[in-house]
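Good morning, colleagues. Please take a moment with the sequence and the structure before I begin.

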Amino acid sequence: MIENVLKRNGTEAPFDLSLIENAVLKASAAVNAGLSRSWAEMIALAVLGHLSRRAISTAPTVEEIQDIVEEVLIKFGYPKIAKAYI
């Protein structure tokens, strides 16, 4: 389980899955995809699964999480949302 995330300023903060959900939902809205919160939750859980399978025991960085979100969105067939997320 991911407990912390390494922020851009070098500090650690508690990992909050809802931040990923909200960001993905905002990217979806930006391209007028009209996708639901449950869809955003599914994407966030896929990201969490990817993070949990990492062999590294350190906290992931914000940039690593963002890269995984992009990867998951593209893998699930949402390249426009991935571009808006970036």
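**Two helices and one glutamate**

The buried residues of helix 1 pack against helix 2, helix 3 and helix 4. I should say at once that this is a predicted model.

Let me stay with helix 1. Its 14 residues should span 20 Å at 1.5 Å a residue, and the agreement is good because the end C-alpha atoms are 20 Å apart. Which residues of helix 1 are buried? They are L17, I20, E21, V24, L25, A27 and S28. These residues cover an arc of only 160 degrees around the axis, so they sit on the same side of helix 1. On the other side of helix 1, the exposed residues are L19, K26, A29 and A30. Just after helix 1 comes N32, with a positive phi of about 55 degrees.

I turn now to helix 3, which runs over residues 62–75. For the 14 residues of helix 3, the expected span at 1.5 Å a residue is 20 Å, and the end C-alpha atoms are 20 Å apart, which agrees. Buried in helix 3 are V62, I65, I68, V69, V72 and L73. Viewed down the axis of helix 3, these buried residues fall within an arc of 135 degrees, and therefore they line one face of the helix. I74 and K75 are exposed on the other side of helix 3.

What covers the buried residues of helix 3? The cover includes strand 1 (4–6), helix 1 (17–30), helix 2 (37–52) and helix 4 (79–85). Just after helix 3, G77 adopts a positive phi of about 90 degrees.

Finally, I would draw your attention to one residue of helix 3, E64. Is E64 buried, partly exposed or exposed? E64 is partly exposed, because its relative accessible area is 32%, and the partly exposed class lies between 20% and 50%. Leaving aside residues up to four places away in sequence, E64 touches R54 and A59. With R54 there is also a polar contact, made between the side chain of E64 and the side chain of R54 at 3.5 Å. A further distance concerns L51, which is 13 residues from E64 along the chain; the C-alpha atoms of E64 and L51 are separated by 9.0 Å.

To close, I return to the two buried faces. In helix 1 the buried residues lie on the same side, within an arc of only 160 degrees. In helix 3 the buried residues line one face, within an arc of 135 degrees. Thank you for your attention.

Key
Residues are numbered from 1 along each chain as its sequence is written. This is a predicted model: local features need pLDDT of at least 70, side-chain atom pairs count only at pLDDT 80 or more; totals for chains, interfaces and linings use all residues. Side-chain values use heavy atoms; hydrogens and water are left out. Helices (H or I, at least four residues) and strands (E, at least two) are DSSP runs, numbered from the N terminus. Buried means under 20% relative accessible area, exposed over 50%, partly exposed in between (1.4 Å probe, protein chains only). Contact means heavy atoms within 4.5 Å. A polar contact is a pair of N or O atoms within 3.5 Å; within protein, one must be able to donate a hydrogen and the other to accept it, and residues adjacent in sequence count only if both atoms are side-chain atoms. The expected span of a helix is 1.5 Å times one less than its number of residues. The arc is that of the directions from the helix axis to the C-beta atoms.
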